[in-house]
Amino acid sequence: MAATRPAPLTPEERNAARMNPSLNRGLYAIAIGLRPEGTREWNYATNLHDRGGMDDRALLAAADFACQREVWDRCINTSERTKGVIDVEQRFPMPFHDTVLRKSQDIGLDPAYVYGLIRQESRFIMDARSGVGASGLMQVMPETAKRVAKKIGLPGFRPSQMSDIDTNVLLGTSYLSMILTDLDSSMTLATAGYNAGPGRPKRWRSTLTRPVEGAIFAETIPFNETRTYVKNVLSNATYYSALVT
């Protein structure tokens, strides 16, 4: 299912991205904590500076530049804009590899599934925070984090620890595992529960006249955001299953 990888970037293509003033301004702004401003500058460089935006090769080079600087959301979003070529490994990077694999495997989760969820939740931005207060790689709500920390016996947990990668992934994977157990190990139902709360998939499932497979259930989800979220997470997980080692 994986697309054929494009030809490697040439030194000239890489250098053109590294020397692009707008890309550099964008990355600098993000580095000093001005992410919205940096994102706008980056998007101007890739989408608007040249008529029609950058071509595929320039987009791959810009995405590679962001990847090398570990600005993962710009890496992914820029790589996703290519049309004629697709670099799957660039679109589906695996930051924090050892932590994600270890925590996933320790708790019995498929690392590809966890990576698929993190990619959708935060684009691997460690300090990501949602409008309702969810934080970190796995976008765990403060009250959920406290509840899970207590249940797994994490001593002395403080909400400020959610900015720590190990703690965030530990609590996020633990919560996901709890939802999976409660929802009959269905990844579709658990993914919906992670986004909309674990009680809602149960109610949605109870309205069906007969059991249906996961892909069909996803189409019945009444919340547009959750329906799209579930499809994206499971699609991500499929790609990651071919990449995780």
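Biologist: Let me start with one residue, Glu219: does it count as buried, exposed or partly exposed?
Modeller: Partly exposed: Glu219 has a relative accessibility of 48%. The label "partly exposed" covers values between the 20% and 50% cut-offs. Keep in mind that this is a predicted model.

Biologist: Which residue does Glu219 form a salt bridge with?
Modeller: The general idea is simple: side chains of opposite charge can pair when their charged atoms come close. Here the partner is Lys231, with the closest N and O atoms 3.0 Å apart. The pair links distant parts of the chain, since Lys231 sits in helix H14 (residues 224-241) and Glu219 in helix H13 (residues 214-220), twelve residues apart. Lys231 is also partly exposed, at 36% relative accessible area.

Biologist: How many salt bridges does a search of the whole structure find?
Modeller: The search comes back with 14. Take Lys202 and Asp182, whose side chains meet at 2.8 Å, N to O. Lys202 belongs to helix H12 (residues 199-206) and Asp182 to helix H10 (residues 165-182), so this bridge ties together parts that are 20 residues apart in sequence. Both ends are partly exposed: Lys202 has a relative accessible area of 36%, and Asp182 has 40%.

Biologist: And what does Asp184 pair with?
Modeller: With Arg205, in a salt bridge of 2.9 Å, N to O. Asp184 is in the loop between H10 and helix H11 (187-196), while Arg205 is in H12, so the pair ties together parts that are 21 residues apart in sequence. The two ends get separate labels: Asp184 is exposed at 55%, whereas Arg205 is partly exposed at 31%.

Biologist: H11 has come up. How many of its ten residues are buried?
Modeller: To read a whole helix, go residue by residue with the under-20% cut-off for buried. In H11, eight of the ten residues pass, so the helix is largely enclosed by the rest of the structure. The buried set is Thr188, Leu189, Ala190, Thr191, Ala192, Gly193, Tyr194 and Ala196.

Biologist: What do those buried residues pack against?
Modeller: Helices, in this case: H8 (111-122), H10, H12, H13 and H14. Right after H11 you'll find Gly197, with a positive phi near 100 degrees.

Biologist: Now helix pairs. At what angle do H1 and H4 pack?
Modeller: Look at angle, axis separation and handedness together. Helix H1 (residues 11-18) and helix H4 (residues 56-68) pack at about 65 degrees, their axes 8 Å apart. The crossing is right-handed. On the H1 side, Glu13, Arg14, Ala17 and Arg18 make the contact, and on the H4 side Arg57, Ala61, Ala62, Asp64 and Phe65 do. By class, that contact holds four nonpolar, no polar and five charged residues.

Biologist: Are H4 and H5 roughly parallel or antiparallel?
Modeller: The test is whether the angle is over 145 degrees, which counts as roughly antiparallel. The axes of H4 and helix H5 (residues 72-79) cross at roughly 165 degrees and come within 7 Å, so the two are roughly antiparallel. Their crossing is left-handed. From H4 come Leu59, Leu60, Ala62, Ala63, Ala66 and Cys67, meeting Trp72, Arg74, Cys75, Thr78 and Ser79 of H5. This contact divides into eight nonpolar, two polar and one charged residues.

Biologist: Last one: how do I read a single buried position? Say Ser174, which lies in H10.
Modeller: Check its accessibility, then its neighbours. Ser174 is buried at 3% relative accessibility. Leaving out residues up to four places away in sequence, Ser174 touches Ile107, Val148 and Ile152. You can also set sequence distance beside distance in space: Ser174 and Asp106 are 68 residues apart in sequence and 9.9 Å apart, C-alpha to C-alpha.

Biologist: And what does Thr167 touch?
Modeller: Thr167 is in H10 too, and is buried at 11%. With the same sequence neighbours left out, its contacts are Leu154, Phe157 and Gln161. For the distance reading, Thr167 and Ala218 are 51 residues apart in sequence and 30 Å apart in space, C-alpha to C-alpha.

Methods
Residues numbered from 1 in each chain as written. Predicted model: local features only at pLDDT ≥ 70, side-chain atom pairs only at ≥ 80, totals over all residues. Heavy atoms only, no water. Axes fitted to C-alpha atoms, helices over the stretch in contact; angles between N-to-C directions. Helix = DSSP H or I, 4+ residues; strand = E, 2+ residues; numbered from the N terminus. Left-handed = near helix turned anticlockwise from the far one by under 90°. Contact = heavy atoms within 4.5 Å. Nonpolar A, V, L, I, M, F, W, Y, C, P; charged D, E, K, R; others polar. Salt bridge = Lys/Arg side-chain N within 4 Å of Asp/Glu carboxyl O. Buried < 20%, exposed > 50% of the residue type's maximum accessible area, 1.4 Å probe, protein only. Parallel < 35°, antiparallel > 145°, perpendicular 65-115°, else oblique.
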